[in-house]
Amino acid sequence: MEKKWWQTSVVYQIYPRSFQDSNGDGIGDLRGIINRLDYLQTLGIDVIWLSPVYKSPNDDNGYDISDYQDIMDEFGTMEDMDELIAKANEKQIKIVMDLVVNHTSDEHKWFVEAKKGKENPYRDYYIWRDPVEGDVPNALKSTFSGSAWEYDEASGQYFLHLFSKRQPDLNWENKKVQQEVWDMMNFWLEKGVGGFRMDVIDLVGKVPDQEITGNGPKLHEYLQEMHQKTFGNYDVLTVGETWGATPEIAKLYSNPERKELSMVFQFEHIGLDQQEGKEKWDLKQLDLGELKKILAKWQTSLGNEGWNSLFWNNHDLPRIVSRWGNDQKYRNESAKMFAILLHLMKGTPYIYQGEEIGMTNCPISDISEVNDIESINMYNERLEEGYSKEEIIESINAKGRDNARTPIQWDNTVNAGFTTGTPWLHINPNYPDINVKNNLEDPNSIFRCYQKLIQLRKNNPIVVWGEFALIENAPEEIFAYRRTYEGENWVVIANFSDKERTISLPEYGESQDIIINNYQRESVQFDNIYLKPYETFAAKA
Ligand code: NOJ
C-alpha cells in the first residue's frame with residue numbers, strides 16, 4: 001500500500017458550536033477556532049475535522065444544511081472560513097470538512113422548490129411516494145424516532161427523512177443531485193481543504209421501496225464516481241461514517257485499488273453497552289472481552305486492503321471516561337488509559353474536542369435541560385410508550401449526545417472561558433477543576449499524555465506501521481497487545497478496571513524501557529506485573 005500522509009496523522013474533531021465563542025453570543029464560532037490554533041499546534045495534531053459550519057437552521061445543529069456554499073451566521077463569514085483554512089495551513093494543519101449529503105435542511109432552496117409541486121424541476125431531488133392505503137408508504141423508521149415518511153398536504157405525497165423531518169433525504173438516483181454534490185465538493189477542494197468526513201455515507205445508496213437503507217446496491221458505484229469527479233486529483237483524507245461496516249465492508253470503501261475513500265469509521269465496539277437487538281438507550285454493562293475481540297479483529301483484518309480509524313468519542317457519543325472508565329476517583333488514570341490504548345494501535349487516531357483534558361459527561365435531571373433533537377424525540381416517544389421519566393433520563397445521561405456537546409472548559413473563569421455571554425448549552429459544573437489551563441500547567445496532565453502520544457507517533461514508525469497482535473492469554477480485565485516492526489517490539493498493557501490486577505508474561509523477560517505510562521514506573525518484570533487501578537503502560541520488549 002502506497003504510504004499516505006493521513007496514515008501518520010492525528011485528527012482533532014471540532015464541534016464549532018461548543019469550541020470557543022469570540023463575540024459573546026454564547027455560540028462558538030470560526031474566529032474562536034482561529035484564536036485557538038496555537039493551542040491545537042501545542043497539542044500536535046495535523047488535521048482538524050470541522051463538524052458542519054454551513055448555513056443551517058440548526059434543527060440538528062448544522063447537520064441540516066440550507067446552503068453548502070455559505071457559512072452559518074452564528075459562526076461567521078466565508079472570509080473567516082478562508083482565513084481559518086489559510087492560518088491552519090500555515091501551521092501545517094489541514095481542515096477536513098463535514099460532508100452531509102444524505103439529506104439537506106428543509107430550508108435548502110432545492111427542497112423549498114421541490115415542495116412547490118410534482119412538476120417542479122427540483123421535485124426529483126428528494127424521495128417522494130404516494131400514500132399506501134391512506135397511510136405511510138412503508139415501515140421505514142427515522143433514526144430520530146417515528147416514521148421516516150412525512151406527509152406533504154399540498155401534494156398529497158410523503159417524502160423520506162431518515163433523520164428529522166426537517167432533514168429530507170436527497171435522491172441519489174438523480175444524476176443532477178450527484179452533479180450538484182460534485183460541484184459543491186470541488187468548490188471546497190479549490191479552497192484548499194484537506195478532505196471530507198462523510199456523514200452517514202453508507203445510506204446514500206438506499207432503496208426505500210425495499211426498505212434498504214445502509215449498504216445499498218449502488219453505494220460503491222456512487223463513491224467511485226465521487227472519487228473520480230472530485231477528490232481523485234487531490235491528496236486529501238476522506239473518511240466515511242459507516243455504522244453497519246464489518247471489516248469486509250470496510251475494505252470495499254478503503255481498498256486503495258477501488259478508488260473510493262481513505263478509511264471509514266466503524267462502530268462495532270460502540271454498540272457493546274446496548275442490549276442485543278434494541279436501541280442505544282437500552283443499557284447494559286460493557287463486555288470487556290468482546291471489546292478486546294472486536295478491536296483486535298479490526299486491527300488485524302484490513303491488511304493492505306484498508307486503513308483503520310481509531311476513536312472512542314465524537315459529537316454523537318457520550319464521553320468515554322464516563323462511559324467505560326471512571327470519571328470520579330480514577331478520572332485521570334482512566335482517561336490516560338483510553339488514550340494510550342487507542343493511540344498505540346494501528347490506524348489514524350481521532351481526538352474529539354475536550355477528550356484531551358478528560359472532559360466528562362454532564363448529567364441532567366429534567367428534559368428541559370436537553371438541546372439535542374434525538375434525545376428530545378426519544379423522550380416523547382418513550383413517555384407515550386409508558387416508560388417512566390426516571391428511566392428515560394437515565395438513558396439520556398448515559399447515552400445522550402449533549403454529554404459530548406457541552407462547551408470546552410478553557411479555564412476557571414466565568415463560563416469556563418468559553419463565552420462572555422450566555423452559553424447555548426449548559427457548561428459542565430466541574431470546569432473549575434477540569435479545564436485546559438490546569439492541564440497546560442501540569443506536566444502530568446491528561447493533555448500532556450495526549451501530546452506525548454502524538455510525538456511518539458511522529459518519532460516511531462512502529463506506531464504507524466507496526467503489526468498488531470492481541471495478547472490472548474491476558475486475564476479478562478487486562479487489555480494487552482504487542483506491536484512489532486523491523487525487529488522491534490512494543491508491549492502495551494492496560495488494567496481496564498478500578499481494582500488491582502496482576503498478569504504474567506514471562507516470554508518478554510524484563511524491560512527498563514518504559515515508553516509511556518499513567519502511574520510512576522521505571523521498569524517492568526514481565527513475569528510478575530502488578531497493576532494499580534487503570535494502570536497502563538507501553539514498554540519495549
Ligand atoms: C451523523 C452525525 O454525526 C449526527 O450528528 C447527525 O445527527 C446525523 N448523522 C444526521 O446528519
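**Ligand site and cysteines**

The structure holds 0 disulfides. It is a predicted model. Two cysteines were examined for burial. Cys-362 has a relative accessible area of 7%. Cys-449 likewise has a relative accessibility of 7%. Buried means under 20% relative accessible area. Cys-362 is therefore buried, and Cys-449 therefore counts as buried too.

The ligand site was considered next. The ligand sits in the largest pocket. In total, 13 residues surround the ligand. The closest of them are Asp-60, Asp-199, His-315, Asp-316 and Arg-401. By residue class, the shell around the ligand divides into 7 charged, 4 nonpolar and 2 polar residues.

Polar contacts to ligand oxygen involve both acidic and basic side chains. In the side chain of Asp-60, an N or O atom lies 2.5 Å from an oxygen atom of the ligand. For Arg-401, the corresponding separation between a side-chain N or O atom and a ligand oxygen is 2.9 Å. Arg-197 places a polar side-chain atom 3.1 Å from an oxygen atom of the ligand. Taken alone, the ligand exposes 300 Å². The protein buries 98% of that area.

In short, the ligand occupies the largest pocket, where Asp-60, Arg-197 and Arg-401 each bring a polar side-chain atom to a ligand oxygen.

How values were computed
Residues numbered from 1 in each chain as written. Predicted model: local features only at pLDDT ≥ 70, side-chain atom pairs only at ≥ 80, totals over all residues. Heavy atoms only, no water. Near = heavy atom within 4 Å. Polar contact = N/O pair within 3.5 Å; in protein donor to acceptor, adjacent residues only side chain to side chain. Areas by Shrake-Rupley, 256 points an atom, 1.4 Å probe, with all protein chains shown as cover. 1 Å grid on protein atoms, 1.4 Å probe; cavity = no way out; pocket = protein on both sides within 12 Å on 5 of 7 lines; lining within 4 Å. Sits in = over half its atoms within 2 Å of the grid points. Nonpolar A, V, L, I, M, F, W, Y, C, P; charged D, E, K, R; others polar. Disulfide = S-S within 2.5 Å. Buried < 20%, exposed > 50% of the residue type's maximum accessible area, 1.4 Å probe, protein only.
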